[in-house]
2 protein chains.
Amino acid sequence: MEVLTKSREELKPLIEVDKRAVLLLSGGTDSTTLLYDLVSQGYEVKPISFIYGQRHKKEVQNALATCSKLGLGLEVVDISIFGQLAPSSLTSRGKDIPKGGYEDGNMRSTVVPNRNMVLLSIATSYALGLRIDNVFYAAHSGDHAIYPDCRPAFILALGKALKLCDYIRVNLETPYMYWEKSDIIRRGIGLGVDYSLTWSCYEGGEKACGKCGTCIERLEAFKKVGIKDPLEYKED
Amino acid sequence: MEVLTKSREELKPLIEVDKRAVLLLSGGTDSTTLLYDLVSQGYEVKPISFIYGQRHKKEVQNALATCSKLGLGLEVVDISIFGQLAPSSLTSRGKDIPKGGYEDGNMRSTVVPNRNMVLLSIATSYALGLRIDNVFYAAHSGDHAIYPDCRPAFILALGKALKLCDYIRVNLETPYMYWEKSDIIRRGIGLGVDYSLTWSCYEGGEKACGKCGTCIERLEAFKKVGIKDPLEYKED
């Protein structure tokens, strides 16, 4: 029997995968890990962040710090007006952010209605302008319980629409969709992510509060991985 | 054989249809007709218009004039920054708008990438904030040839995503999707639409140019209906 061997040249894929990507970068742990992940895979990444009327800009400041560390530019888009149109305790300074874990019903007030479609659709316009057809988004399974627009059913439906929005078929890529936050942190630790330059807390204080839903989720994830979170908390 | 009769009370639908709607109102012929159409059907309409970096604001000015005439408020959302992110001859003052009909390949430069998903997703956030679950959009068949994000396949896919974006199922309603522009004008004439308060021309001159793709389409539609377009054109 003849042994078929192939040269390295023959093994090269017929079509080179386009390794350029737009990434929705919030400055939190998940999207920051995905940025490192894509860079380590050889992607040319164009990160994009949004000021959409959040109560504070700590996340965006951290996104800028991470990009600066990696020698990347960051497109920061100011759609503050969106916060007035779409009321939520995350965007209305007057409302209190509820304390407690994501499982609590009162966390619903932190939902900014249809936020992710707004941000991803603008990120897609940005990608199309650059002739890039990959849009990455670090949704993960921890968000599914509380945020409808982080759930797989929504993301898959949105992905289908994005494939049809232009002459170019846009790929919405969500590699962490079924991962837990601890899986993401574990990967990030391996990639050398500087988590001191990531912000999760809903409050915008000098130090993270350690008590809101996203602080609790983050602290639990680091505990599960067995690593101390390098971020400073009010009560350490 | 017994004749079954029903009282008026019994004929009343079990669930009252929610007759509140957010409408994407550009100030052109199609969305203005749909506004009149919805008002005539008893809808409480919340129109929303966008300044997204268009070369001129004639359409939005006309949208305001129509709403004022109908005694309705208009939510005008300024996302001018979008025009810088998503290059197009409709949003970049430096580029010339091509002359000729929609069928011409050069009209592609007027496509603002993924514009409709951006506008509809923000309109949906606005609707959700008001607890309204109907979002109306006056896409019609004349746009299908040139604009990917006006095609039924895209609109149906986007509609599925919008049903999943929140705890509330949002309905994306596009009653003119398979209509020609002349069908829309014909309906509008019956509804008493004041088409002198609508603007279609890509240019923002004192009078409409009569030569760009959208002027040609509009003039042909009025001709087909057998009515004179009340808008003033440069060369009448």
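I take two residues to be in contact if their C-beta atoms, placed from the backbone, lie within 7 Å. With that in hand I looked up chain A of this predicted model, and I noted that, among its contacts between residues at least 6 apart in sequence, 69% join residues at least 24 apart.

**Entry on chain A.** I went through the elements of chain A and found eight helices and five strands, which from the N terminus on run α-β-α-β-α-β-α-α-β-α-β-α-α. For burial I looked at the chain as a whole, and 47% of the 236 residues of chain A count as buried.

**Entry on the sheet of chain B.** I then turned to chain B, where I traced an open sheet of five strands in the order β3-β2-β1-β4-β5, with parallel pairing. Its edge strands are β3 (75–78) and β5 (171–173) of chain B, each of which pairs on one side only. On average, and with direction ignored, I find neighbouring strands of this sheet turned by 25 degrees against each other. Looking at one pair in detail, I see that β4 (residues 134–136) of chain B and β5(B) pair in the parallel sense over three bridges, and that Asn134(B) has Asn171(B) as its bridge partner in β5(B).

**Entry on the helices against the sheet.** Helix α2 (residues 29–40) of chain B packs on the sheet and touches β1 (20–24), β2 (44–51) and β4 of chain B, and I note that its direction makes about 170 degrees with that of β1(B). Helix α3 (residues 58–69) of chain B lies across β2 and β3 of chain B, where it runs at about 160 degrees to β2(B).

**Entry on α7 of chain B.** In helix α7 (residues 181–191) of chain B, I listed Lys181(B), Ile184(B), Ile185(B) and Gly188(B) as buried. They lie on the same side of α7(B), because they cover an arc of only 100 degrees around the axis. I recalled that an α-helix has 3.6 residues a turn, so residues three or four places apart point the same way. The buried residues of α7(B) pack against α2 and α8 (213–225) of chain B, and just after α7(B) I noted that Gly192(B) takes a positive phi of about 80 degrees.

**Entry on the contact between the chains.** I counted 31 residues from chain B and 31 residues from chain A in the contact. On the side of chain B that touches chain A, β3, α4 (81–85), α5 (115–129) and α6 (152–164) of chain B each supply at least two residues, with the largest share, nine residues, coming from α5(B). By class, I find 22 nonpolar, five polar and four charged residues on that side of chain B.

Notes:
Residues numbered from 1 in each chain as written. Chains lettered and ligands numbered in written order. Predicted model: local features only at pLDDT ≥ 70, side-chain atom pairs only at ≥ 80, totals over all residues. Helix = DSSP H or I, 4+ residues; strand = E, 2+ residues; numbered from the N terminus. Buried ≥ 20, exposed ≤ 12 C-beta atoms within 10 Å, placed from the backbone. Pairing = 2+ DSSP bridges. Axes fitted to C-alpha atoms, helices over the stretch in contact; angles between N-to-C directions. Nonpolar A, V, L, I, M, F, W, Y, C, P; charged D, E, K, R; others polar. Arc of directions from axis to C-beta.
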